[in-house]
Amino acid sequence: MEKRLNFDLKTILFLTLIAVVCTTATSTKQFRPRKTPSTPSRSGGWAGRLNFSYSGAMGPSKWGVLNPAFRTCSHGKSQSPINIVTKNCVSSTKLGPLVREFRSTSGELINNGFNIGLEYSNGGGSALVDGRKFTLKSMHWHSPSEHTIDGTRFPLELHLVHASAEGNLSVVSILYRYGKPDPILNELKHTIDRLKNIKRAPKEEVYIPVGVLKTKFLNPQIRKYYRYVGSLTVPPCPENIIWNILGKIRHVSREQVNAIKAPLPGTCKNNARPTQPLNGRKVVLYNEHKPEDEDIDD
């Protein structure tokens with residue numbers, strides 16, 4: 001897990017949120033906060049070089065041949081997401097609780113045509129992973145979930161992308177099942193609704209500034225999670241990403257899932273990459289709970 005990525009931090013963070021669209025033409029992405037006149041995007045023009053989709057000729061099974069830079073997507077041996085088979089997990093108390101610190105901060109809600117995400121202006125907190133500090137840079141949603149547990153796919157998955165000072169990445173994943181509304185999406189409801197009503201050109205990103213986002217809904221200390229080393233789940237699928245899949249399944253309403261998918265084009269509304277082979281990798285389980293404890297929020 002000490003391996004470093006061969007990508008600079010700015011490029012990798014860009015890939016996780018704002019660097020991809022589901023179209024084939026090449027042009028410059030645009031920045032459109034609140035429908036004001038556009039200015040150049042911070043993506044640096046990567047949009048035209050990172051084209052893929054979730055269905056058809058540019059779907060996940062074709063990613064590895066769409067671009068030579070995407071070769072790892074089909075030839076990598078440590079790809080994500082995966083199906084977590086709980087009976088095969090290796091229990092370990094050495095990992096310890098996943099300690100996270102959150103702070104209320106402002107950011108921007110983004111529709112890049114690939115997913116809906118939130119980018120923090122100055123970092124949204126941090127997580128302590130293997131004794132190293134990783135700063136929360138962004139979060140984004142996939143529906144349905146990309147990771148599965150014992151073959152069960154969930155309606156929604158939230159990825160919280162963290163980066164260390166050295167440029168390594170660690171992602172905290174939260175899975176959701178249908179039930180009561182999720183408080184994080186509740187807080188973003190009006191902004192998400194606005195995002196849906198802004199017409200996005202094929203090669204544009206839409207940014208909407210959000211006020212200070214409360215973080216009290218995110219548990220600062222996680223006492224059950226699955227740990228493995230994988231990849232980012234979008235091209236070019238770089239590996240050596242430390243994944244932490246929380247064991248506690250949260251609730252989300254059907255209306256919220258529909259709302260987070262509504263701004264996306266048809267080829268990306270179901271933006272979940274299929275699960276990938278483990279290829280001998282081990283999934284480690286840290287669990288302070290008793291076996292009979294329920295893995296769902298209250």
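**Note on the predicted model: loops, strands, one disulfide and a cavity**

1. Asparagine 279 is partly exposed, because its relative accessible area of 46% falls between the limits of 20% for buried and 50% for exposed. This asparagine sits in the loop between α6 and β19, and its phi, about 55°, is positive although the residue is not a glycine. Such a value deserves a remark, because most residues other than glycine have a negative phi. The structure discussed throughout this note is a predicted model, and the values below should be read with that in mind.

2. A positive phi also occurs at cysteine 237, a residue other than glycine, where the angle is near 60°. Cysteine 237 belongs to the loop between β16 and β17. Is this cysteine buried or exposed? Cysteine 237 counts as buried because its relative accessibility is 0%, under the cut-off of 20%.

3. Cysteine 237 is also one half of a disulfide, its partner being cysteine 73, and the two sulfur atoms lie 2.1 Å apart. The link between cysteine 73 and cysteine 237 is right-handed, with 90° about the S-S bond. The pair connects distant parts of the chain, since cysteine 73 is in helix α3 while cysteine 237 is in the loop between β16 and β17, 164 residues apart. The count of disulfides in the model comes to one. Cysteine 73 counts as buried too, because its relative accessibility is 8%. As for another cysteine, number 89, a relative accessible area of 14% is the reason it is classed as buried.

4. The loop between β16 and β17 also holds proline 236, and the peptide bond that leads to this residue from proline 235 is cis, with omega near 10°. A second cis peptide bond to describe joins serine 80 and proline 81, where omega is about 5°. Proline 81 is placed in the loop between α3 and β3. These bonds are worth a look in the model because most peptide bonds are trans.

5. In the loop between α3 and β3 one also finds isoleucine 82, which counts as buried because its relative accessibility is 0%. Which residues does isoleucine 82 touch, when those up to four places away in sequence are not counted? The contacts of isoleucine 82 are His147, Thr148, Tyr228, Thr275, Gln276, Leu278, Arg281 and Val283. For valine 283, which is 201 residues away along the chain, the C-alpha atom is separated from that of isoleucine 82 by 9.8 Å.

6. Strand β16, which covers residues 224-231, is mostly covered, with seven of its eight residues buried. With strand β17 (residues 239-246), β16 pairs in the antiparallel sense over seven bridges, and within this pairing tyrosine 226 has isoleucine 245 of β17 as its bridge partner. Strand β16 also runs antiparallel to strand β19 (residues 284-287), to which four bridges join it. In that pairing, arginine 227 is matched with valine 284 of β19.

7. An open sheet of three strands, in the order β3-β10-β11, shows mixed pairing. Its edge strands are β3 (83-84) and β11 (152-153), each of which pairs on one side only. Strand β10 (residues 148-149) pairs with β11 in the antiparallel sense over two bridges. Threonine 148, already named among the contacts of isoleucine 82, has arginine 153 of β11 as its bridge partner.

8. How many cavities of 30 Å³ or more does the model contain? The count comes to two, and the second largest of them holds about 40 Å³ of space. The lining of this second largest cavity consists of Ile116, Trp141, His142, Ser143, Ile260, Lys261, Leu264, Lys269 and Asn271. The elements that contribute two or more residues to this lining are β9 (132-142) and α6 (254-261). Sorted by class, the lining of the second largest cavity has four nonpolar, three polar and two charged residues.

Technical notes: Residues are numbered from 1 along each chain as its sequence is written. This is a predicted model: local features need pLDDT of at least 70, side-chain atom pairs count only at pLDDT 80 or more; totals for chains, interfaces and linings use all residues. Side-chain values use heavy atoms; hydrogens and water are left out. Buried means under 20% relative accessible area, exposed over 50%, partly exposed in between (1.4 Å probe, protein chains only). Two strands pair if DSSP finds at least two bridges between them. On a 1 Å grid over the protein atoms alone, a cavity is a set of points where a 1.4 Å probe fits but cannot get out, and a pocket is an open set with protein on both sides within 12 Å along at least five of seven lines; lining residues have an atom within 4 Å of a point. Grid points are joined across faces, edges and corners, and a volume is the space filled by probe spheres set on the points. Ala, Val, Leu, Ile, Met, Phe, Trp, Tyr, Cys and Pro count as nonpolar, Asp, Glu, Lys and Arg as charged, and the others, Gly among them, as polar. A disulfide is a pair of cysteine sulfur atoms within 2.5 Å. Contact means heavy atoms within 4.5 Å.
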